[in-house]
Amino acid sequence: MFTGIVQGMAEVVIIDRKEQFQTHTLRLCNEMLEGLKIGASVAHNGCCLTVTRIDGELVSFDLMQQTLLLTNLGDLQTGDKVNIERAAKFGDEIGGHSMSGHISNTALIEEVIDSPNNRTVWFSLPEKQMKYVLEKGFIGVDGCSLTIGEVVENRFSVHLIPETLNRTLFGVRKVGERVNIEFDPQTQAIVDTTERVLAAKGLA
């Protein structure tokens, strides 16, 4: 489980590409390495991956073809950075919202609006998935637990404070880039359950 509170960014230093499979090696800082073991879960841009090798500050993770297709991790090049969050421990403060690290889809950055001390970013999603996007609700974007601002048709916005911009990739994200989306599981469960009940009653 993850909380959506990104701990920082890490550089991708090696990408070993094989047929329908990749191994990414990241350089992690001491804080992120503390207590890390092979088999541990670490979120990369919100996608839960398993540690397969540790060599000093270099840590490797394997990515299957499905992960590469459904997330923005398949777009990465050597030298790029990813948002990093270690798995939550029992007793940790949940500063964001509960996240599984299972990416639902990617969204496209449509617009970036900078103003003093904050940034507003607009994203677009397939229309059929917008039912999970509610104003003032939670959403996971590239591993960050964010509150949804406005919702207009198939677009939604988030408002980002300087701390988020400094700690995450949102400080450098640009129009046209893809971000990983994880819908709030509680919102998704309520919407799906309501749809099933209405359909069973012939009301949907």
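The following chat concerns the strands of a predicted model and how they pair.

Me: Before we start, what sort of model is this, and how are residues numbered?
Reply: This is a predicted model, in which local features need pLDDT of at least 70, side-chain atom pairs count only at pLDDT 80 or more, and totals for chains, interfaces and linings use all residues. Residues are numbered from 1 along each chain as its sequence is written, and side-chain values use heavy atoms, with hydrogens and water left out.

Me: Which strands close into a barrel?
Reply: The barrel is closed by 6 strands in the order β1-β2-β5-β4-β3-β6, with antiparallel pairing. From one strand to the next, the twist averages 45 degrees. Strands are DSSP runs (E, at least two residues), numbered from the N terminus; two of them pair if DSSP finds at least two bridges between them. Axes are lines fitted to C-alpha atoms, and angles run from 0 to 180 degrees between N-to-C directions.

Me: How many bridges join β2 and β5?
Reply: Strand β2 (residues 21–27) and strand β5 (residues 58–64) are joined in the antiparallel sense by 7 bridges. Thr23 has Asp62 in β5 as its bridge partner.

Me: What holds paired strands together in general?
Reply: Strands of a sheet pair through backbone hydrogen bonds, either parallel or antiparallel.

Me: New topic: what do β9 and β10 form?
Reply: They form a hairpin with 2 residues between them, and Asp142 in the turn has a positive phi of about 50 degrees. Strand β9 covers residues 138–141 and strand β10 residues 144–152, with 4 antiparallel bridges.

Me: And which residue takes a positive phi in the hairpin of β10 and β11?
Reply: Glu153 does, near 55 degrees. In this pair, Val152 has Arg155 in β11 as its bridge partner.
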